[in-house]
Amino acid sequence: LTPAGWQDIWLNEGFATYAEALWLEHSEGPAARDDFLQLVGPGRHPALFAGEGTLAEPSPVLPNTLVYDKGAWVLHMLRGIIGDEAFFRLLRDYANDPRLVQGLVSTADLVAHAEAAAGRGLGTFFDGWLTTDAVPVLSLEPRPGRPGTPPGSAGVRLRQHQAPLMMLPVPLLLHTAAGAVPVTAVLEEREQDFQWRLGAAVDSVTVAAQPLLARWLASPPPALDVRGPMPNPVTGDETTFELILGQGAQVTVFIYDMRGLKLSEAALGFMPATEAGQGGTLWR
């Protein structure tokens, strides 16, 4: 399956990267998969891909890791939304479609197969994650059961506070005396209520300790975000990085080569926090 254009390159590279996560899940378990997704998601991209371009129009395509890392995350979130059975049926049908095998494929081809496997439209999901670099900002509010609700019921209200609206699966834990029960809330609206019924009384609902491409309303921004180099790839002897600080701090830059050996360091002194909506400090 060969991408029809550079705007479709995330299909190959996203699938290749997510295949690594799937192998870790198969060989070592879900925790190993989640560690890998944490690494290629929030670990490498503390701003959660904001400011890195979009998968629909990646520029530059290489050598950045957007098409690999965010591509893998889009597939993982798609799996969380449509469920394992539909997701793996999608993989089989997409990879064996006689109209596509040994030919060119586009994002529209994948979307069509995903919607066929899910039995529903997924335009909101793909539009948000492929055509924007938006980061969902969420809040969670416990919702008491209505009068007459049987014991063992738990409810929450999830809200999205950013634009545009994004569709994503949110992993939660329902805490009972018998232990925590994992559930997934598929958030598709600006504000959405969820209700679960268990055999035991639910004491509380919390967010599961799994990687997620979203920020919670009370969560502070990352302490440091480094964007660049600019231009990418570097064409001369000089390049520029943008440093974005969550709070003012003394900053020292360390430069390493590809082998991990430190080449030099530069003390930049005190840098103030980056104001909301403003660009960071440029360092050349």
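**Close-up 1. Meet L158, a residue of strand β4 (residues 153-160).** The model shown here and in the other views is predicted. L158 counts as buried, because its relative accessible area is 0%. Who sits around it? Leaving aside residues up to four places away in sequence, L158 touches S139, L140, V170, A185, L187, R190, E191, Q192, F194 and W216. For a sense of scale, take R215: it sits 57 residues from L158 along the chain, and the C-alpha atoms of the two are separated by 13 Å.

**Close-up 2. Here is an open sheet of 3 strands, in the order β6-β5-β8.** The pairing in this sheet is antiparallel. Strands in a sheet are joined through backbone hydrogen bonds. β6 (179-187) and β8 (202-207) each have a single partner strand, so they stand at the edges, with one side of each left without a neighbour in the sheet. On average, and ignoring direction, neighbouring strands here are turned by 30° against each other. Look at β5 (residues 168-176) and you can follow its antiparallel pairing with β6 over 9 bridges. Along the way, L174 stands opposite V181 in β6.

**Close-up 3. Helix α3 (residues 66-82) lies across β5 and β6.** The helix runs at about 60° to β5. On to its helical partner: α3 packs with helix α6 (residues 123-131) at an angle of about 160°, and their axes are 11 Å apart. With angles over 145 degrees counting as roughly antiparallel, that label therefore fits α3 and α6. Their crossing is right-handed. Which residues make the contact? On the α3 side they are K70, V74, M77, L78 and I81, and on the α6 side F125, F126, W129 and L130.

**Close-up 4. Now for the largest nonpolar core, with its 65 residues.** Nonpolar side chains tend to be buried together in soluble globular proteins. In this core, W10, L78, F125 and L168 touch the most other members. The largest share, 10 residues, comes from α3. Another core, of 6 residues, lies apart from this one, and its members include L243, V251, V253 and W283.

**Close-up 5. Zooming in on L168, one of the core residues that touch the most other members.** What does L168 touch? Not counting residues up to four places away in sequence, its contacts are M77, I81, W129, P136, L138, Q160, A185, V186, L187, L212, L213 and A214. Some of these names have come up before: M77 and I81 of α3, along with W129 of α6, take part in the contact between those helices. A185 and L187 also appear among the residues that L158 touches.

Notes
Residues are numbered from 1 along each chain as its sequence is written. This is a predicted model: local features need pLDDT of at least 70, side-chain atom pairs count only at pLDDT 80 or more; totals for chains, interfaces and linings use all residues. Side-chain values use heavy atoms; hydrogens and water are left out. Two strands pair if DSSP finds at least two bridges between them. Helices (H or I, at least four residues) and strands (E, at least two) are DSSP runs, numbered from the N terminus. Axes are lines fitted to C-alpha atoms, for helices over the stretch in contact, and angles run from 0 to 180 degrees between N-to-C directions. Contact means heavy atoms within 4.5 Å. A nonpolar core is a set of buried Ala, Val, Leu, Ile, Met, Phe, Trp, Tyr and Cys residues joined through side-chain atoms within 4.5 Å. Buried means under 20% relative accessible area, exposed over 50%, partly exposed in between (1.4 Å probe, protein chains only). Angles under 35 degrees count as roughly parallel, over 145 as roughly antiparallel, 65 to 115 as roughly perpendicular and the rest as oblique. A crossing is left-handed if the near helix is turned anticlockwise from the far one by less than a right angle, and right-handed if clockwise.
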